[in-house]
Amino acid sequence: MDCIFCGIAGGSVPATLVYEGERVVAFPDLNPQAPTHILIIPKAHYASIQDVPPADIGIVAELAAIAQELARARGIWPSGYRLVVNSGPQGGQTVGHLHVHLLAGRQMMWPPG
Ligand code: AMP
Ligand code: ZN
């Protein structure tokens, strides 16, 4: 399967990992939208959050736990941050491998674009 994030998780596509665990990796976004912009992904390929089967839905909690850990380690709490999971065409998803964006370091606006 030709998936760029599977390549990063597997080590065949270069990325600077800021976290690596048994089931999750995190790395900086190539095109950052904030001073801190990290992508947190499962090593397993799920095309979107909608494709995670009930039996493995705990992986979404693992992604959230790593976001907490990174926010703590990088001092972006209590200032705050935004977690984004773009999903499907109207959700603005462009890479078909589940990922959580961790954005921080500037004031976030609402509504999102
Ligand atoms: P999304 O639009 O939510 O699917 O987000 C995909 C994100 O992946 C975008 O913010 C891209 O900048 C980012 N991206 C694409 N390829 C790479 C890569 N090789 N390394 C790091 N980030 C990437
Ligand atoms: Zn993948």
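**Ligand 1**

I began with the shell around ligand 1: 16 residues surround the ligand, and the closest are Asp 29, Asn 86, Thr 94, His 99 and His 101. I note that this is a predicted model.

Where does ligand 1 sit? I found ligand 1 in the largest pocket.

I then went through polar atoms around the ligand. An oxygen atom of ligand 1 is 2.7 Å from a polar backbone atom of Thr 94. For Val 95, I again found a polar backbone atom, here 3.0 Å from an oxygen atom of the ligand. At His 101 the partner is in the side chain: an N or O atom there is 2.8 Å from an oxygen atom of ligand 1. I also looked up the cover. On its own, ligand 1 has 510 Å² of accessible area, and the protein covers 83% of this.

Which element gives the most to the shell around ligand 1? I got helix 1, with three residues. Helix 1 spans 4-10, and strand 2 spans 24-28; each of them supplies at least two residues of the shell.

**His 101**

I stayed with His 101, one of the closest residues to ligand 1. I placed His 101 in strand 5, which runs over 100-104.

Buried or exposed? His 101 has a relative accessible area of 11%. I call His 101 buried because that value is under the 20% cut-off.

I checked the side chain for protein partners as well. The side chains of His 101 and His 37 are joined by a polar contact of 2.8 Å. Leaving out residues up to four places away in sequence, I listed what His 101 touches: Asp 29, His 37, Ile 38, Leu 39, Arg 82, Leu 83, Val 84 and Asn 86. Asp 29 and Asn 86 from that list also appear among the closest residues to ligand 1.

**Leu 98**

Next I looked at Leu 98. I found this residue in the loop between helix 3 (88-91) and strand 5. Its relative accessible area is 2%, so I entered Leu 98 as buried.

What does Leu 98 touch, not counting residues up to four places away in sequence? I wrote down Ile 41, Pro 42, Tyr 46, Ala 47, Ser 48, Ile 49, Val 52, Leu 63 and Val 85. I took one pair further. Leu 98 and Val 85 are 13 residues apart along the chain, and their C-alpha atoms are separated by 7.8 Å.

**Asp 56**

I moved on to Asp 56. It is found in the loop between strand 3 (36-42) and helix 2 (58-73). I have Asp 56 down as buried because its relative accessibility is 15%, against a cut-off of 20%.

Which side chain makes a polar contact with the side chain of Asp 56? I found Arg 23, at 3.0 Å. With neighbours within four places in sequence left aside, Asp 56 is in contact with Arg 23 and Tyr 46. Tyr 46 was already in my notes, as one of the residues touched by Leu 98.

**Cis peptide bonds**

Last, I looked at two proline bonds. The peptide bond from Trp 77 to Pro 78 is cis, with omega near 20°. I located Pro 78 in the loop between helix 2 and strand 4 (81-84). The peptide bond from Trp 110 to Pro 111 is also cis, with omega near 5°. I located Pro 111 in the segment after strand 5.

Notes
Residues numbered from 1 in each chain as written. Chains lettered and ligands numbered in written order. Predicted model: local features only at pLDDT ≥ 70, side-chain atom pairs only at ≥ 80, totals over all residues. Heavy atoms only, no water. Helix = DSSP H or I, 4+ residues; strand = E, 2+ residues; numbered from the N terminus. Buried < 20%, exposed > 50% of the residue type's maximum accessible area, 1.4 Å probe, protein only. Polar contact = N/O pair within 3.5 Å; in protein donor to acceptor, adjacent residues only side chain to side chain. Contact = heavy atoms within 4.5 Å. Near = heavy atom within 4 Å. Areas by Shrake-Rupley, 256 points an atom, 1.4 Å probe, with all protein chains shown as cover. 1 Å grid on protein atoms, 1.4 Å probe; cavity = no way out; pocket = protein on both sides within 12 Å on 5 of 7 lines; lining within 4 Å. Sits in = over half its atoms within 2 Å of the grid points.
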